[in-house]
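User: Hi! I am new to protein structures and would like to learn how to read one. Could you take me through it step by step?

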Amino acid sequence: CDGPTLRVGANRGASGIDGVVASAAGFANGLRQPVTLLIGDLALIHDLGSLALLGALDQPVIVVALNNGGGSIFTQLPIAQHDDVFSPFFDTPHSIHFEGTARDFGIAYHAIEDRDGLAQHYREAVERGGATLLEVRSSLEANRGHHRRIEAAVEDAVRG
């Protein structure tokens with residue numbers, strides 16, 4: 001490995017997605033160093049109130065939110081084949097964008113359009129310090145396509 005050693009933390013709330021932002025704030029406070037949180041849109045929605053914690057920290061927290069309009073992970077489950085129950089009970093579409101939310105909590109915000117933009121805004125956030133929310137917008141269809149390509153590559157690698 002040519003890069004620096006990284007500490008990686010993980011949190012799984014009672015329902016899998018709650019308390020993730022609060023956990024990142026706790027990591028930053030406990031480690032006394034900057035933290036980057038990679039989080040899905042639904043997990044962020046479930047823990048919006050914890051964004052208030054980020055502004056009070058001495059350590060910067062950069063939140064990279066993957067916003068695909070909700071719940072693409074559930075499309076990976078067998079239940080997704082059953083439209084009669086999938087849409088009313090598992091599909092979680094929303095039209096929330098987090099710019100206003102970041103502003104309301106006094107957090108710097110950037111919408112990310114591509115990899116170069118992510119790299120640029122991430123570097124700027126690290127240099128600036130404080131709390132920053134970087135929103136990477138995608139779609140359920142794009143996510144499904146990425147997952148299929150990754151699964152195919154893994155199957156090919158396993159088969160040799």
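User: Let me start with a helix. Which residues of α7 are buried?

Analyst: Good place to begin! A residue counts as buried when its relative accessible area is under 20%. In α7 the buried residues are Leu140, Asn143 and Gly145. Please keep in mind that this is a predicted model.

User: How far apart should the end C-alpha atoms of α7 be, at 1.5 Å a residue?

Analyst: The 20 residues of α7 should span 28 Å, and the end C-alpha atoms are indeed 28 Å apart, so the two values agree. After α7 comes glycine 160, which has a positive phi, near 90°.

User: Since the model is predicted, where is confidence lowest and where is it highest?

Analyst: Here is the general idea: where pLDDT is low, the predicted coordinates should not be read in detail. For this protein chain the mean pLDDT is 88, with 96% of residues at 70 or more. Helix α4 (residues 83-89) has the lowest confidence, a mean of 82, while strand β3 (residues 108-112) has the highest, at 97.

User: Now for charges. How many salt bridges does the structure hold?

Analyst: In general, side chains of opposite charge can pair when their charged atoms come close. This structure holds two salt bridges. One joins the side chains of glutamate 155 and arginine 159, at 3.5 Å from N to O. The other joins arginine 137 and glutamate 135, at 3.6 Å from N to O.

User: Where do glutamate 155 and arginine 159 lie?

Analyst: Both are in helix α7 (residues 140-159), four residues apart, which is about one turn of the helix. The general rule is that an α-helix has 3.6 residues a turn, so residues three or four places apart point the same way.

User: Why does glutamate 155 count as partly exposed, and why does arginine 159 count as exposed?

Analyst: Compare each value with the cut-offs: over 50% is exposed, and partly exposed runs from there down to the buried limit of 20%. Glutamate 155 has 42% relative accessibility, so it is partly exposed. Arginine 159 has 66%, so it is exposed. Try the other bridge too: arginine 137, at 39%, is partly exposed, whereas glutamate 135, at 0%, is buried.

User: Let us turn to a strand. Which side chains of β1 point to one face and are buried?

Analyst: Look for alternation along the strand. In β1, the side chains of Val35, Leu37 and Ile39 point to one face and are buried, but those of Thr36, Leu38 and Gly40 point to the other face and are not. β1 also pairs with β2 in the parallel sense, over six bridges. Threonine 36 stands opposite isoleucine 62 in β2.

User: What about the inside? Which residues have the most contacts within the largest nonpolar core?

Analyst: That core has 22 residues, and the ones with the most contacts inside it are Ile39, Leu44, Leu54 and Leu133. Several elements each supply at least two of its residues, including α1 (20-31), β1 (35-40) and β4 (131-137). The biggest giver is α1, with five residues. Setting aside residues up to four places away in sequence, leucine 44 touches Val21, Ile39, Leu51, Ala65, Phe98 and Leu133.

User: One last residue: is serine 50 buried or exposed?

Analyst: Serine 50 has 10% relative accessibility, so it counts as buried. You will find serine 50 in the loop between α2 and α3. Leaving out residues up to four places away in sequence, serine 50 touches Val21 and Ala22.

Notes: Residues numbered from 1 in each chain as written. Predicted model: local features only at pLDDT ≥ 70, side-chain atom pairs only at ≥ 80, totals over all residues. Heavy atoms only, no water. pLDDT = per-residue confidence, 0-100. Core = buried A, V, L, I, M, F, W, Y, C linked by side-chain atoms within 4.5 Å. Buried < 20%, exposed > 50% of the residue type's maximum accessible area, 1.4 Å probe, protein only. Contact = heavy atoms within 4.5 Å. Salt bridge = Lys/Arg side-chain N within 4 Å of Asp/Glu carboxyl O. Pairing = 2+ DSSP bridges. Expected span 1.5 Å × (residues − 1).
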